[in-house]
Amino acid sequence: MTPKDVLAFAQEKGAKMVDFKFMDFLGTWQHFTVPIGEFGESDFENGYGFDGSSIRGWQPINASDMVVLPDPDTARMDPFMAVPTMTLICNVVDPLTQERYSRDPRYIAQKAEEYLKFTGIGDAAWFGPEAEFFIFDDIRYDLASQYGFFYIDSVEGTWNTGRMENPNLGYKPRHKEGYFPVPPVDTQQDLRTEMVLAMQDVGLTVECQHHEVATAGQAEIDMKASTLVSMADQLQWYKYVVKNVARRNGKTVTFMPKPLFGDNGSGMHIHMSIWKGGQPLFAGDKYAGLSEMALFAAGGILKHAAAICAITNPTTNSYKRLVPGYEAPVNLAYSSRNRSASLRIPMYSASPKLKRIEVRFPDPSCNGYLAFSALLMAALDGIENRIDPGDPLDRDIYSMTPEELSNVPSTPGSLDEALAALEKDHEFLLKGDVFTEDVISKWIEYKRANEVDPLRMRPHPLEFKLYYDI
């Protein structure tokens with residue numbers, strides 16, 4: 001749309017307010033709102049100022065002024081506002097130089113798309129994330145120097161089979177038995193459908209929704225794949241819709257990878273492929289119907305996986321899910337059907353247009369703009385340098401001996417390990433100035449100071465159970 005089209009759209013929809021959303025460094029939408037009478041075509045060029053020092057990981061207080069420029073192609077009506085409100089996703093610029101801001105995740109994603117075209121390898125990278133999440137009925141948490149706790153509850157929680165509910169009707173999915181049960185075991189069918197309808201209202205194309213494996217309301221809603229920046233925008237709408245639909249129904253959603261002990265965590269398997277001139281480039285006559293290019297792309301992702309994890313699995317909680325010996329896809333290998341491998345080649349269809357790589361280790365706590373960009377840059381590095389992914393891992397991982405498993409590398413065991421890997425291995429991200437040294441160093445610095453160290457220095461409740469009486 002043009003700026004004039006956006007104003008006509010706002011008038012057609014009866015918008016009284018305009019909401020400007022932009023992405024912070026870590027992956028959370030921020031916003032502010034102006035009356036429709038204060039919004040005009042010139043605002044797409046002049047933008048709106050804000051305090052960049054109040055955004056995590058951004059500007060120091062002595063250089064805090066920043067400007068957002070709305071992207072006219074992103075105009076949507078917000079389905080959750082009581083007053084008709086049009087939303088625009090924004091890009092961030094420096095008010096003095098008018099240059100794009102290097103730490104704006106959307107800018108990094110836009111540069112990744114441009115770099116793909118620059119290489120001549122392809123002209124579009126398609127991504128299809130499968131973001132899992134939990135729908136809870138109650139969440140309480142707090143901590144101080146002398147205490148710390150969290151308490152989760154869900155009407156679907158298997159731990160509530162003995163609770164007085166006047167009456168307790170049972171039908172609570174057991175641990176690891178929440179995959180595809182029909183109602184009444186699945187109590188959230190209508191809620192997920194409400195989420196789907198709200199997603200459609202903001203322009204998302206949804207393929208399916210279903211209950212996921214864990215007890216206590218784990219869910220998944222799948223979107224149709226799209227190009228990198230478009231899909232990163234859609235992922236933000238996805239999270240926004242899911243959380244707000246849950247809230248208006250008296251429930252709460254989390255995209256934490258591992259909120260429950262003893263059951264499956266939430267991953268975000270990412271399907272990706274590269275196209276050129278409207279033709280898919282990952283289909284061929286090699287292993288599992290892949291092209292040589294696709295295998296080299298897999299080789300690049302596997303080579304840089306440890307560093308990529310610092311971006312695709314960016315929380316300390318992420319590594320409560322990525323634990324060897326369980327069902328998490330920690331094995332850095334590829335396979336056509338083995339879901340314990342970190343890269344899988346889906347075999348649902350023989351159509352060349354559907355031939356893709358599924359990267360299984362990421363989780364939904366990530367910043368989609370950064371995660372998709374990092375995966376694309378690793379794939380391009382693999383293609384450009386013809387990186388051999390090795391032999392596929394088609395065996396049952398649980399039947400392999402320790403000696404055999406010793407030859408299969410794993411994802412990092414902690415966020416600290418992943419950040420150390422990113423510190424050593426990030427040259428592939430710097431190509432085309434997609435990521436910058438400033439972005440990488442700030443990411444590592446922020447994560448260590450604000451997440452790794454605070455957790456490392458705090459006692460854990462399990463430590464009291466194990467060690468209090470020693």
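Okay, let's start with strand 14, residues 268–276: eight of its nine residues are buried, so the strand is largely enclosed by the rest of the structure. Keep in mind as I go that this is a predicted model.

So who are the neighbours of strand 14? Let's go around them. How many bridges link strand 14 to strand 7? Eight, and the two strands pair in the antiparallel sense, with strand 7 covering residues 124–136. If you want a spot to click on, try F127, which stands opposite M272 in strand 14.

Now stay on M272, as there's another partner to find. M272 also stands opposite I357, and that residue belongs to strand 18. Strand 18 is residues 357–359, and three bridges join it to strand 14, again running antiparallel.

Then there's strand 15, just residues 279–280. Two bridges join strand 15 to strand 14, and these run antiparallel too. Here the pair to look for is W275 opposite P280. Strands 14 and 15 make a hairpin with two residues between them, and G277 in that turn has a positive phi of about 60°.

Right, let's zoom in on strand 18, where we find E358. Is E358 buried or exposed? With a relative accessible area of 1%, it's under the 20% cut-off, so E358 counts as buried. Buried, but with polar company. Its side chain makes a polar contact with the side chain of R344, at 2.7 Å. There's a second polar contact, to the side chain of H269, at 3.3 Å. If we skip residues up to four places away in sequence, E358 touches a whole list, including E130, I270, H271 and P346. And to give you a feel for distances, the C-alpha atoms of E358 and G52 are separated by 36 Å, with these positions 306 residues apart along the chain.

Next topic: the loop between strand 9, residues 148–153, and helix 4, residues 189–201. K172 lies in that loop. You might guess that a loop lysine is out in the open, but what does the accessible area say about K172? It comes to 9%, so K172 is buried. Which side chain does K172 join in a polar contact? That's E165, at 3.3 Å. Leaving aside neighbours within four places in sequence, K172 is also in contact with several others, among them V155, G157, N160 and T161.

D186 is in the loop between strand 9 and helix 4 as well. D186 has a relative accessible area of 5%, so we call it buried too. Setting aside neighbours within four places in sequence, D186 is in contact with E156, P181, R192 and H211. And E156 is on the contact list of K172 as well, so click on that one when you explore the loop.

Last part: the aromatics. How many aromatic pairs does the model have? The count comes to 23. Let me walk you through two of them. In the F20 and F32 pair, the ring centres are 5.4 Å apart and the planes sit at 40°, so the pair is tilted: a stacked pair would need under 30 degrees and an edge-to-face pair over 60. What does this pair tie together? F20 lies in strand 1, residues 17–23, and F32 lies in strand 2, residues 29–35, so the pair ties together parts that are 12 residues apart in sequence. F20 is buried, by the way, with a relative accessible area of 0%.

The second pair is F22 with F50. These ring centres are 4.7 Å apart with the planes at 40°, so this pair is tilted. F22 is in strand 1 and F50 is in strand 3, residues 48–51, so here the pair ties together parts 28 residues apart in sequence. F22 counts as buried at 4% relative accessibility, and F50 counts as buried at 13%.

Pairs can also join up into a group. F20, F32, F39, F44 and Y48 form one aromatic cluster, so try colouring those five rings together.

One more thing to spot with rings: lysines sitting over them. K21 lies over the face of W29, at 5.6 Å from the ring centre. Elsewhere in the chain, K239 lies over the face of F255, at 5.5 Å from the ring centre.

That's my tour, thanks for listening!

How values were computed. Residues numbered from 1 in each chain as written. Predicted model: local features only at pLDDT ≥ 70, side-chain atom pairs only at ≥ 80, totals over all residues. Heavy atoms only, no water. Phe/Tyr/Trp six-rings, centres within 6.5 Å; stacked < 30°, edge-to-face > 60°. Helix = DSSP H or I, 4+ residues; strand = E, 2+ residues; numbered from the N terminus. Buried < 20%, exposed > 50% of the residue type's maximum accessible area, 1.4 Å probe, protein only. Lys NZ or Arg CZ within 6 Å of the ring centre and 35° of its normal. Pairing = 2+ DSSP bridges. Polar contact = N/O pair within 3.5 Å; in protein donor to acceptor, adjacent residues only side chain to side chain. Contact = heavy atoms within 4.5 Å.
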